[in-house]
Amino acid sequence: MPKLRPPATRKTTGARLAAAFGAILALALVSACTAPGAIETDIDDRAEFVDTDDRLNVATTFTILADMARVVGGDRVQVESVTTPGADVHYYEPTAGDLRRVENADLVISNGLGLDDWLLRFIDGTGAQHLVTTDGIEPEPVRSGNSVGRANPHAWMSPTDGATYIRSIADALGEIDPAGAAYYTANADDYIAELEDLAERARASVATIPPERRVLVTCEGAFSYLARDLGLEELYLWPVNSENQGLPRQVTALIDEVRDRDVPALFCESTVSGDAMEQVATESDSRLAGLLYVDSLSAETGPVPTYLDLLDHDLDTITRELTS
Ligand SMILES: [Zn+2]
């Protein structure tokens with residue numbers, strides 16, 4: 001079972017700030033190669049935790065984990081995501097406000113597997129407990145490109161692994177707040193039951209797709225876990241964390257595959273540019289069939305404000321377009 005990572009020894013605020021701003025500088029250099037189409041989020045006017053009640057303060061690295069923590073924690077927790085809807089969690093530049101948000105949290109939740117390592121220097125020296133939701137998950141490897149063999153971080157896209165995230169969050173909250181443990185477990189049970197319903201419907205739809213057409217073609221290789229769960233083969237333009245997105249040779253190779261396999265529908269993610277995939281679609285007589293959501297929820301009024309909405313949207317889009 002995944003365990004909470006214990007808080008590091010406390011440092012002075014000055015030392016923490018120095019370390020954090022060192023991290024910000026380093027990340028600013030890295031971000032020079034941020035993906036085209038990635039959304040910048042440099043304006044941060046969100047409220048910080050105000051400890052006016054006895055709810056637990058939970059900080060997460062991205063919106064999907066925040067939604068999970070809100071559902072599991074209910075009215076016993078107050079949750080903030082460091083990155084906002086639409087942000088690129090792979091290449092995030094933390095701000096001084098983020099440091100304070102993490103510093104004041106009782107529990108910090110990150111994904112791990114290299115997705116949100118920018119958080120680690122922020123945690124060092126704070127008293128916050130740290131849960132890494134992919135601890136205990138069997139990682140799928142990145143299958144090509146510079147990061148080949150490294151773990152693919154997008155495990156939440158699997159309803160099966162998503163259930164593990166939810167269970168780990170309930171266990172972590174219950175460990176910090178034992179009086180709420182039964183409540184968190186009951187919330188997690190209901191949540192996982194809904195997730196299993198979604199997955200069951202998607203599997204039933206995939207069963208109606210002719211086996212040779214069970215191929216999921218996307219821009220980023222972010223769907224390994226989902227494809228595995230659904231029994232779909234995964235093809236993509238560029239692998240995870242690649243700075244080379246939609247290169248001519250990647251486009252040409254995919255056009256050949258899509259043509260050979262007669263794949264009826266191609267997909268792109270909401271946070272990346274679909275230009276290269278549009279070209280693949282045109283030249284292979286397929287079609288770009290819709291946006292999938294992976295790394296971020298939408299704002300409250302958008303199409304996928306919750307994790308269940310995101311999976312429902314993607315599963316529905318994929319199965320509908322591959323069966324039509
Ligand atoms: Zn991603």
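Which strands does helix 2 lie across? Let's start with the big picture and then come back to that.

1. **The overall picture.** Keep in mind that this is a predicted model. The protein has ten helices and eight strands. Of its 324 residues, 46% count as buried. Take the contacts between residues at least 6 apart in sequence: 63% of them join residues at least 24 apart.

2. **The four-stranded sheet.** Here is something to trace on screen: an open sheet of four strands in the order 2-1-3-4, with parallel pairing. Strand 2 (77-81) and strand 4 stand at the edges with a single partner strand each, so one side of each has no neighbour in the sheet. Going from one strand to the next, the twist averages 20 degrees.

3. **Inside the sheet.** Two of the pairings are worth a closer look. Strand 1 (residues 56-60) pairs with strand 3 in the parallel sense over three bridges, and Ala 59 has Val 108 of strand 3 as its bridge partner. Strand 3 (residues 107-110) also pairs with strand 4, again in the parallel sense, over four bridges. In that pairing, Leu 107 is matched with Gln 129 of strand 4.

4. **Strand 4, an edge with covered faces.** Strand 4 stands at an edge of the sheet, yet both of its faces are covered. Gln 129 and Leu 131 are buried on one side, and His 130 and Val 132 are buried on the other. Don't mix up the two ideas: the edge is about neighbours in the sheet, while the faces are about what the side chains' positions look like in terms of burial.

5. **Back to helix 2.** Helix 2 (residues 63-73) lies across strand 1, strand 2 and strand 3, and runs at about 175 degrees to strand 2. Ten of its eleven residues are buried, so to speak of it as mostly covered is fair. Among the buried ones are Thr 63, Asp 67, Met 68 and Gly 73. What do these buried residues pack against? Besides strand 1, strand 2 and strand 3, they pack against helix 5 (159-176), helix 6 (181-206) and helix 10 (307-323). Just after the helix, Gly 74 takes a positive phi of about 50 degrees.

6. **Helix 8 against helix 9.** Two packed helices are described by the angle between their axes and the distance between the axes. For helix 8 (residues 248-261) and helix 9 (residues 275-284), the axes come within 9 Å and cross at roughly 40 degrees. The two helices are therefore oblique to each other, and the crossing is right-handed. Helix 8 brings Val 251, Leu 254, Ile 255, Val 258 and Arg 259 to the contact, and helix 9 brings Ala 276, Gln 279, Val 280, Glu 283 and Ser 284. By class, that makes six nonpolar, two polar and two charged residues.

7. **Two aspartates to check.** Most residues other than glycine have a negative phi. Asp 262 has a positive one, near 55 degrees, and it lies in the loop between helix 8 and strand 7 (266-269). Asp 285 also has a positive phi, of about 55 degrees, and sits in the loop between helix 9 and strand 8 (288-292). Are they buried or exposed? Asp 262 has 12 other C-beta atoms within 10 Å, so it counts as exposed. Asp 285 is exposed too, with 12 other C-beta atoms within 10 Å.

Note on methods. Residues numbered from 1 in each chain as written. Predicted model: local features only at pLDDT ≥ 70, side-chain atom pairs only at ≥ 80, totals over all residues. Buried ≥ 20, exposed ≤ 12 C-beta atoms within 10 Å, placed from the backbone. Contact = placed C-beta atoms within 7 Å. Pairing = 2+ DSSP bridges. Axes fitted to C-alpha atoms, helices over the stretch in contact; angles between N-to-C directions. Parallel < 35°, antiparallel > 145°, perpendicular 65-115°, else oblique. Left-handed = near helix turned anticlockwise from the far one by under 90°. Nonpolar A, V, L, I, M, F, W, Y, C, P; charged D, E, K, R; others polar.
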